[in-house]
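Student: I'd like a close look at one part of this model rather than a tour of everything. Could you start from a single side chain and work outwards from there?

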Amino acid sequence: MRAILLGLILLTAIAPALAPAVGQTLPGEPFDVQTVLDEQTQIDKDIEAGAGPYAQLDDISMQELRERQRKLVAMLQGHQYDDLNEAQRTRARTHMVFIKYLGKTDDDQLICVRKRTTGSNRVERVCKLVAQLRDETKNSKDQAMQMLQNRTISPCGPGGC
């Protein structure tokens, strides 16, 4: 529980730096206020319907999400981008990044490993999403099972009788 809270506090501190990494607008780049408000409405609908990544959040994360949404909507409601001062824009971006981060699933995490190619001392960094790794593992297991099922066992051995 303390680890989650500490993680949330840390994320809040570094959220402005994470904005480009999670697909948000760059600092200083305008965002469409109505689009942001529509996204928050859609997130609320998904939560109420029990669908989407936000519906799977634990109680603490859900409480933080609701609080961030409340602050963001209150800040943006009835305003345009040009109506906001720089501090408000930064706070809005921070809330948007945090909300988007909470909606990320484990499948969206990037895993990087260092692999050495056969016959070489050269190490190469390979990065894939968790979903891609899971699919590759499933496909390779399926192929192995299919090969085992399709093999023929001869009573005489591999050379024949």
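Student: Which backbone nitrogen does the side chain of Gln132 reach, and at what distance?

Tutor: Happy to! The side chain of Gln132 reaches the backbone nitrogen of Leu129, at 2.8 Å. That fits the cut-off for a polar contact (a pair of N or O atoms within 3.5 Å; within protein, one must be able to donate a hydrogen and the other to accept it, and residues adjacent in sequence count only if both atoms are side-chain atoms). Before we go further, please keep in mind that this is a predicted model: local features need pLDDT of at least 70, side-chain atom pairs count only at pLDDT 80 or more, and totals for chains, interfaces and linings use all residues. Residues are numbered from 1 along each chain as its sequence is written, and side-chain values use heavy atoms, with hydrogens and water left out.

Now for the setting. Gln132 belongs to helix H5, residues 130-150. Helices (H or I, at least four residues) and strands (E, at least two) are DSSP runs, numbered from the N terminus. Gln132 counts as partly exposed because its relative accessibility is 40%; buried means under 20% relative accessible area and exposed over 50%, with partly exposed in between (1.4 Å probe, protein chains only). Ile111 is 21 residues away along the chain, with 9.9 Å between its C-alpha atom and that of Gln132.

The contact partner leads us to the strands. Leu129 is the bridge partner, in S2, of Leu110, and Glu124 in S2 plays that part for Lys115. Altogether S1 and S2 pair in the antiparallel sense over seven bridges, where pairing needs DSSP to find at least two bridges between two strands. They form a hairpin with six residues between them, and Gly119 in the turn has a positive phi of about 80°.

The hairpin also carries a covalent link. A disulfide (a pair of cysteine sulfur atoms within 2.5 Å) joins Cys112 to Cys127, with an S to S distance of 2.0 Å. Cys112 sits in strand S1 (residues 110-116) and Cys127 in strand S2 (residues 123-129), 15 residues apart. The link is right-handed, with 110° about the S-S bond, and the count for the structure comes to one disulfide. Both cysteines have values in the middle range: Cys112 is partly exposed because its relative accessibility is 31%, and Cys127 is partly exposed because its own is 36%.

Stepping back, the protein chain has five helices and two strands, which run α-α-α-α-β-β-α from the N terminus on. Buried residues make up 23% of its 161 residues.

Away from the hairpin, there is a nonpolar core to look at: a set of buried Ala, Val, Leu, Ile, Met, Phe, Trp, Tyr and Cys residues joined through side-chain atoms within 4.5 Å. The largest one has 20 residues, and Phe31, Tyr54, Leu65, Leu72 and Leu76 have the most contacts inside it. Helix H2 (33-49), helix H3 (59-76) and helix H4 (86-102) each give two or more residues to this core.

H3 deserves a moment. Its buried residues are Ser61, Met62, Leu65, Arg68, Gln69, Leu72, Met75 and Leu76. Seen down the axis of H3, they fall within an arc of 160°, so they line one face of the helix; the arc is that of the directions from the helix axis to the C-beta atoms. The face turned away from that buried side carries the exposed residues Asp59, Gln63 and Ala74. At the start of H3, a side-chain oxygen of Asp58 comes to within 3.1 Å of the backbone nitrogen of Ile60, while Gly78, just after H3, takes a positive phi of about 80°.

H4 begins in a comparable way, with a side-chain oxygen of Asn85 reaching to within 3.1 Å of the backbone nitrogen of Ala87. Among the buried residues of H4 are Ala92, Val97, Phe98 and Leu102, along with Arg89 and His95.
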